[in-house]
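Notebook open, model on screen. I'm jotting down what I look up as I go.

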Number of protein chains: 2
Amino acid sequence: MHRAAEAGGLEAVSKATLQEQIYFQLRNRIMSGFFQPGQALSTRSVAEAVGVSVMPVRDALRRLEVENALVVGHNRMLVVPKLDVQTLMEISEMRVALESLAVERAVPAMGETDLQRLYEHFSATSESIVSDDIDGYLRANWAFHNHIYRCAGAPLLLSAIESLWLRMGPYFRLTAADHQHLDNAMLIHHDIVGALERYDVIAARDGIIADISAATGDLKDWLTSRDGHEAAE
Amino acid sequence: MHRAAEAGGLEAVSKATLQEQIYFQLRNRIMSGFFQPGQALSTRSVAEAVGVSVMPVRDALRRLEVENALVVGHNRMLVVPKLDVQTLMEISEMRVALESLAVERAVPAMGETDLQRLYEHFSATSESIVSDDIDGYLRANWAFHNHIYRCAGAPLLLSAIESLWLRMGPYFRLTAADHQHLDNAMLIHHDIVGALERYDVIAARDGIIADISAATGDLKDWLTSRDGHEAAE
DNA sequence: TGACACCAAGTGTGATCACACATAACACCA
DNA sequence: TGGTGTTATGTGTGATCACACTTGGTGTCA
């Protein structure tokens with residue numbers, strides 16, 4: 001019936017367009033705080049860096065702009081947005097609203113394998129902390145939350161949450177250097193895992209809210225303390 | 001000092017790019033249910049329709065795709081997404097979460113002129129109903145809600161809400177034909193206006209939630225009744 | 001009759017070029 | 001010295017072309 005099956009053993013080839021590859025590459029870098037807030041990304045410079053024409057870069061940058069991961073700056077160039085306290089509070093409130101909803105939907109939908117994978121992400125987070133691997137921590141932390149939200153089976157909700165994380169990404173790295181913050185986050189994550197294993201919706205939601213509140217508080221402190229001796233910017 | 005000021009009386013010129021004009025034009029049509037769900041939009045057809053090259057159309061369509069107002073369909077063409085009950089419930093829950101948040105933020109920020117403008121939108125909605133002007137009703141209804149949410153002073157929140165409305169837009173027109181739905185909506189809107197004038201956050205939020213619930217319920221009924229004798233699609 | 005190959009039309013993707021605009025630096029003059 | 005015109009550079013925007021791919025129709029052969 002299927003003639004192609006006779007060929008056997010051939011690997012599937014990547015069908016991702018250039019635009020998608022560039023998008024995900026930039027996305028990961030923004031999410032993991034690779035770019036400095038305020039840094040400008042021009043079409044031509046990115047195109048030259050990745051060795052392609054400006055066309056796919058245009059599409060990738062515009063997509064990030066629509067997702068609020070980049071904003072138009074000085075002369076219509078796209079820049080990594082800086083975070084002020086007001087915007088931070090807006091994002092925090094939205095995260096509480098949306099991620100609470102996601103957890104409530106996710107808890108009854110999580111199976112045994114989901115819990116197992118989640119615990120692996122939890123372990124990876126913990127191990128990254130003890131080995132001072134900030135990149136690994138950021139990646140595992142996102143994987144932990146993302147896995148929960150993905151279980152909600154709500155694509156629109158997921159994309160909205162991802163957009164918020166993308167906006168905060170450039171600043172996550174800053175608070176991730178503080179070990180007190182990390183230890184506190186691990187305690188909260190431990191509680192969340194426990195609540196999910198008990199299928200305790202209330203406790204799981206409260207855990208997520210506590211996690212968001214802690215991250216917001218630490219980042220707010222960092223922003224305000226920084227504002228003092230760098231108001232010139 | 002300012003030499004240009006001597007010229008006096010000159011109007012500001014429009015700086016909107018072609019891509020933006022096309023985007024907003026398509027956006028309005030989607031929001032007001034001009035396009036049929038399932039309808040495909042190709043770059044070349046739109047380009048020919050508006051008398052422009054494919055480039056700005058590409059950007060406009062891609063932007064709508066990122067906002068989930070269009071989805072990739074059959075052969076990578078962009079189509080107006082159809083709504084199933086599952087997606088409807090997801091959108092409804094997100095609307096409750098986000099629009100509640102927006103109202104809570106908006107209430108203390110609304111001034112006298114805001115309330116006046118809001119009442120004008122309310123009146124316009126009512127007048128559109130008595131004159132059977134569905135287009136006018138949809139426009140005024142969105143203006144009513146949009147004005148409240150805009151007062152929250154939260155641009156990210158606003159864009160998230162707009163994205164959800166954009167996704168529901170093609171179906172709003174369908175329930176707007178039912179006068180019982182419209183009358184009920186007007187009662188709820190009246191309560192919302194009253195709550196806002198009293199700066200009653202709780203009542204205003206409950207009004208918004210009631211409005212969302214009513215719209216969701218009616219649309220859910222419409223979708224399920226339609227599913228019966230059109231399951232072939 | 002059914003499976004297969006072929007062809008034509010339509011599609012998104014990407015490259016390349018031309019253009020308008022914004023900015024900053026510099027020379028110029030009152 | 002301070003405002004003004006000029007120019008060079010870099011930017012996004014948009015047009016045009018070439019290409020790969022999908023799809024639907026048609027012809028062909030077993």
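Which residue in β3(B) is the bridge partner of Val71(B)? I looked, and it is Val79(B). Worth keeping in mind from here on: this is a predicted model.

**Sheet, chain B.** I followed the strands outward from that pair. β2(B) is joined to β3, residues 78-79 of chain B, by 2 bridges, and the two run antiparallel. The whole sheet in chain B is open, with 3 strands in the order β1-β3-β2 and antiparallel pairing. At its edges I find β1 (40-41) and β2 (71-72) of chain B, each of which pairs on one side only.

**Sheet, chain A.** I then checked the other chain. Chain A also shows 3 strands in an open antiparallel sheet, ordered β1-β3-β2. Its edge strands are β1 (40-41) and β2 (71-72) of chain A. Here β2(A) pairs with β3 (residues 78-79) of chain A over 2 bridges, antiparallel. I noted one bridge in particular: Val72(A) has Leu78(A) as its partner in β3(A).

**Symmetry.** Next I laid chain B on chain A. A turn of 180° with a shift of 0.0 Å along the axis does it, at an RMSD of 0.1 Å. So I'm writing this down as the relation of a two-fold axis. Which C-alpha of chain B is nearest the axis? That of Ala97(B), 2.8 Å from it. The same surface serves both copies, since I find that 100% of the contact residues of chain B recur in chain A.

**Interface.** I pulled up the contacts between the chains: 18 residues of chain B are in contact with 18 residues of chain A. On the chain B side, α3 (54-66), α4 (85-106) and α7 (155-175) each supply at least two residues. α4(B) gives the largest share, 7 residues. Sorting that side of chain B by class, I get 10 nonpolar, 2 polar and 6 charged residues.

**Core.** Nonpolar side chains tend to be buried together in soluble globular proteins, which sent me to the core. The largest nonpolar core holds 107 residues. Which of them touch the most other members? My list reads Leu98(A), Ala102(A) and Leu157(A), plus Leu98(B), Ala102(B) and Leu157(B).

I picked Leu157(B) for a last look, leaving out residues up to four places away in sequence. In chain A, Leu157(B) touches Glu90(A) and Met94(A). In chain B, Leu157(B) touches Leu98(B), Leu101(B), Ala102(B) and Ala152(B). Two of those, Leu98(B) and Ala102(B), are also on my core list.

Definitions and conventions. Residues are numbered from 1 along each chain as its sequence is written. Chains are lettered from A and ligands numbered from 1 in the order in which they are written. This is a predicted model: local features need pLDDT of at least 70, side-chain atom pairs count only at pLDDT 80 or more; totals for chains, interfaces and linings use all residues. Two residues are in contact if their C-beta atoms, placed from the backbone, lie within 7 Å. Helices (H or I, at least four residues) and strands (E, at least two) are DSSP runs, numbered from the N terminus. Ala, Val, Leu, Ile, Met, Phe, Trp, Tyr, Cys and Pro count as nonpolar, Asp, Glu, Lys and Arg as charged, and the others, Gly among them, as polar. A nonpolar core is a set of buried Ala, Val, Leu, Ile, Met, Phe, Trp, Tyr and Cys residues joined through C-beta atoms within 7 Å. A residue is buried if 20 or more other C-beta atoms lie within 10 Å of its own, exposed if 12 or fewer, and partly exposed in between; C-beta atoms are placed from the backbone. Copies are superposed by least squares on the C-alpha atoms of residues with pLDDT of at least 70 in both. Two strands pair if DSSP finds at least two bridges between them.
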